[in-house]
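User: I should like a close examination of one part of the model shown below. Please set it in the context of the whole assembly.

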Amino acid sequence: MRRVAVIGVGDTEFGELWDYSFRDIGIQAGLAAVADANISADQIDALYVGNMSAGRFIEQEHIGALIADYAGLARDHIPATRVEAAGASGGLALRQGFTAVASGLHDIVVVGGAEKMTDVSDTESAAIQSSAADQEWETVLGATFPALHALIAKRHMHEYGTTREQMADVAVKNHKNGSMNPKAQFQREITRETVTSSPIVASPLRVFDCAPSSDGAAGVVLCPLDMAKKFIETPIEIVGSGQASDTLALHHRKDICTMEATKVAAKRAFAMANLTTKDVDIAEVHDNFTISEILAIEDLGFFKKGEGGKATEAGLTSLEGEIAVNTSGGLKARGDPIGATGLAQVVEIVTQLRGKAGKRQVKEATVGLAHNVGGTGATAVVHLFRRV
Amino acid sequence: MKVGIVSYGAYVPRYRITPEEIGKVWGVDGKSMSKGLMINCKSVPSPDEDTITISVEAARSMMRRCSVNPKEIGAIYVGSESHPYTVKPTGTIVAEAIEASPHLTVADFEFACKAGTAAIQTCMGLVGSGMVKYGVAIGSDTSQGAPGDALEYSASAGGAAFLIGADKVITTIDNTYSYTTDTPDFWRREGQMYPRHGGRFTGEPAYFKHVMSGAKGLFERSGTEPKDYTYAVFHQPNGKFPTRVAKQLGFNDAQVKTGLLAPIIGNTYSGAVPLGLSAILDEAKAGDRIFAVAYGSGAGSDAFEMTVTDEIDGYARYRAPTVKELNTNLKFLDYATYAKFRGKIILGSE
Amino acid sequence: MATAPRYWRENDSRYNLLGFKCNNCGRNYFPPRAICPVCHRKSVGKIEEIKLKGTGKIFSFTEVHDCPEELATQKPYVLAMVEFDEGPKVTGQIIDCEHCELEIGTPVRATLRKLSEEGPSGIIHYGYKFVPVKPKAP
């Protein structure tokens with residue numbers, strides 16, 4: 001397998017982007033990534049696009065062709081592929097691009113992710129997001145996506161003593177980081193009280209425990225490592241990639257307080273990279289709900305099972321902590337346009353590893369981890385990055 | 001062969017509302033309404049309940065209490081005036097839910113409040129003629145009264161199911177008699193949400209004429225009189241009518257007490273006599289005789305006289321809730337919640 | 001969107017808790033599948049239909065406030081993960097109770113209720129919901 005580098009990144013603002021269509025944001029992010037990589041259109045060999053549900057959000061399928069077309073690449077008839085794994089669509093698209101370059105099939109690959117969630121009503125958006133769960137045996141029986149995570153939270157509190165305040169601390173930290181990220185959907189700091197006094201969504205989860213619906217897109221450019229310096233000064237190598245699946249329905253999992261898919265994907269990525277959690281300086285993890293970040297930092301191996309809440313409360317995952325988690329603001333504050341999220345995580349990691357993260361820069365960050373989850377943990381994708 | 005009830009099951013939702021609470025909203029003295037109707041509260045179905053779910057609950061209780069193989073059921077008839085579908089029978093869903101499908105006949109019945117008892121008579125005929133081994137007759141409703149109308153104080157929800165057969169019957173149905181005329185005392189046109197009624201016309205020429213005629217016709221056919229019976233139950237649109245008709249016929253309070261449920265659950269329409277009969281069977285002993293007259297507007301009465309058999313001693317009544325048990329763990333509602341539950345508030349999405 | 005066949009197909013499981021037992025390993029599953037996820041092809045021909053009793057206990061639960069339109073008249077409602085006596089877990093509403101009365105471990109039993117309907121002129125969908133089991137009075 002060839003070694004693979006990220007040579008360009010780009011993203012849009014995340015938020016309610018009323019003036020921009022799905023096509024607009026997809027192209028915006030792609031153009032930014034391609035410009036950042038100093039490449040021209042005719043050098044692109046293939047395109048991968050992560051997107052969860054354009055078919056229901058904007059009644060449009062065939063996203064690969066759509067983005068290739070609007071990027072002006074259809075004239076060159078490049079191979080364009082849409083990748084879907086619910087919330088993990090972006091991370092999975094990255095893995096497809098990585099595989100294509102690593103295998104030697106393609107040289108220069110653009111991987112993007114985009115989602116336009118605000119053209120439908122809130123209730124419709126919630127219903128679409130619930131299709132990441134088991135439609136026939138969870139959603140039909142009355143489950144909503146937040147409710148399923150609430151079941152996880154309640155059980156985690158029951159088994160490990162995780163507290164309401166510890167969960168709030170995840171949101172507080174991520175909003176703090178988001179306040180230093182000009183592209184974030186939410187840029188104001190909050191307190192524990194903001195979280196605990198916000199309306200209940202599904203007990204114990206409240207509005208501020210949940211990532212918002214967002215519009216946004218992000219893209220990266222990949223090429224073989226030995227070609228990278230032709231284009232930019234600081235290539236960032238993808239040193240590890242791991243993917244895993246698990247049961248679709250939460251009630252079929254071995255242990256609902258552990259996302260086994262995260263553990264296995266991480267194990268696979270670390271094995272490929274020949275690294276351990278101790279080597280990681282920054283991690284962008286899938287915090288679509290505050291409890292999800294607590295599970296993530298446990299299942300990725302940064303903290304023992306059951307200790308995620310305590311670690312967050314103690315500040316161990318802050319910018320200055322042992323492991324800086326979600327320096328971008330995470331899904332909670334940066335926003336969560338579903339198909340784009342996995343790539344937005346890469347944009348943040350690359351920015352940090354290049355030393356370009358401004359106020360939220362983690363000192364001497366060398367190795368970063370991106371963790372992207374689909375559904376309540378039925379898919380997990382983990383990538384490891386290192387500054388070359 | 002002796003045809004009768006092999007098993008029975010009842011269901012009443014746990015929500016209640018009082019006439020006082022309803023009266024508050026419409027500027028009516030709910031307390032005196034309550035006294036006049038002899039109704040202390042009526043049952044209200046939850047938004048996720050309907051005649052189908054109520055029928056299934058009652059039928060499943062009925063099956064739990066006996067050991068009959070559901071595949072031996074040859075017919076299921078559900079009588080109601082609030083079938084969820086006008087076209088697509090309640091009975092087919094009940095059949096699937098008690099695993100009686102597919103080798104059986106099903107149809108839904110309508111005859112105002114006596115649709116369930118009409119179903120009992122039909123099953124008696126099918127069993128008695130040897131056409132089926134077992135038939136299920138269900139009377140259940142989630143009837144509605146128009147906001148502010150007199151019926152709103154009494155129209156309630158509930159139902160009961162009866163397994164009719166000739167094998168191990170706990171109660172034989174010895175005789176039945178019906179009295180039917182075209183009397184438009186109460187009706188509902190297709191597509192209309194609420195029924196209409198003839199006010200005082202629903203009394204003498206309707207309820208009383210048909211119940212009395214039905215009772216007298218049965219006394220004659222069976223050669224019996226009120227004192228022969230341990231229990232008597234009459235259609236009960238409120239607590240007053242059945243009490244008065246019982247007295248007029250010559251029954252005493254002790255005979256009528258057990259089957260009189262209107263004061264605590266209101267008028268369950270097609271479920272009224274079936275539930276009253278269930279309450280009686282909940283405590284009846286071998287040898288007890290039961291007199292029942294159901295009334296349906298439009299109009300007609302179905303009268304039955306029954307004898308409880310020795311089989312009741314070994315009957316597993318405890319496997320399902322009795323009517324008394326169904327009247328525990330109650331939740332009383334305010335009018336706003338009641339209106340929301342009953343779909344009386346126009347929702348934005350529609 | 002008309003969904004009659006898709007819902008109809010699952011009625012046996014949604015009304016009557018039809019699951020399956022793998023006679024190769026002895027495990028019980030709900031809902032039914034083509035093969036046992038542990039035994040894979042070794043389970044072909046050894047799948048036995050079973051009906052779950054419907055009794056179980058609460059494994060986790062939540063009170064849902066933000067809910068789909070069709071459940072608007074029931075909100076807030078309780079959603080739970082229930083572990084059946086036979087082993088399999090399912091997701092469903094707990095009804096006829098107050099949220100505060102429930103605990104992890106509360107025994108429940110399945111019953112049939114309306115799940116949703118496709119508007120006032122559409123099909124009505126029925127399926128399992130759970131009621132707490134009252135301890136028998138001494």
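Of the 2 pairs of chains in contact, which chains share the most contacts? Please then look closely at α4(A): how do its axis and that of α15(A) cross?

Analyst: Chains A and C share the most contacts of the 2 pairs of chains in contact, where two residues are in contact if their C-beta atoms, placed from the backbone, lie within 7 Å. The model is a predicted one, in which local features need pLDDT of at least 70 and side-chain atom pairs count only at pLDDT 80 or more, while totals for chains, interfaces and linings use all residues. Residues are numbered from 1 along each chain as its sequence is written, and chains are lettered from A and ligands numbered from 1 in the order in which they are written.

The setting of α4(A) begins with the division of its chain. An automatic or database domain assignment supplies the bounds: domain 1 of chain A covers 4-121 + 213-236, and domain 2 covers 129-211 + 239-387. Their C-alpha centres are 22 Å apart. Each domain contributes 37 residues to the contact between them. On the side of domain 1 that touches domain 2, β1 (4-11), α4 (89-102), β4 (109-116) and β7 (215-224) of chain A each provide at least two residues; here helices (H or I, at least four residues) and strands (E, at least two) are DSSP runs, numbered from the N terminus. The largest share of that side, 8 residues, belongs to α4(A). Sorted by class, the residues of this side of domain 1 are 18 nonpolar, 14 polar and 5 charged, with Ala, Val, Leu, Ile, Met, Phe, Trp, Tyr, Cys and Pro counted as nonpolar, Asp, Glu, Lys and Arg as charged, and the others, Gly among them, as polar.

Two packed helices are described by the angle between their axes and the distance between the axes. The axes of α4(A) and α15 (residues 338-353) of chain A come within 5 Å and cross at roughly 60 degrees. Axes are lines fitted to C-alpha atoms, for helices over the stretch in contact, and angles run from 0 to 180 degrees between N-to-C directions. The crossing makes α4(A) oblique to α15(A), since angles under 35 degrees count as roughly parallel, over 145 as roughly antiparallel, 65 to 115 as roughly perpendicular and the rest as oblique. From α4(A), the contact draws on A:Ser89, A:Gly90, A:Gly91, A:Leu92, A:Ala93 and A:Leu94. The residues from α15(A) are A:Ile338, A:Gly339, A:Ala340, A:Thr341, A:Gly342, A:Leu343 and A:Val346. This helix pair has 7 nonpolar, 6 polar and no charged residues in its contact.

Elsewhere in chain A, A:Ala296 lies in helix α12 (residues 290-299). A:Ala296 is buried, with 29 other C-beta atoms within 10 Å; a residue is buried if 20 or more such atoms lie within 10 Å of its own, exposed if 12 or fewer, and partly exposed in between, with C-beta atoms placed from the backbone. Residues up to four places away in sequence aside, A:Ala296 touches A:Thr262, A:Val285, A:His286 and A:His371.

Chain B completes the context. No contact joins chain A and chain B, and their closest C-alpha atoms lie 11 Å apart. By contrast, 20 residues of chain B are in contact with 17 residues of chain C. On the side of chain B that touches chain C, α3 (51-64), α4 (90-97) and α12 (335-341) of chain B give two or more residues, with α3(B) giving the most, 4 residues. That side of chain B comprises 8 nonpolar, 3 polar and 9 charged residues.
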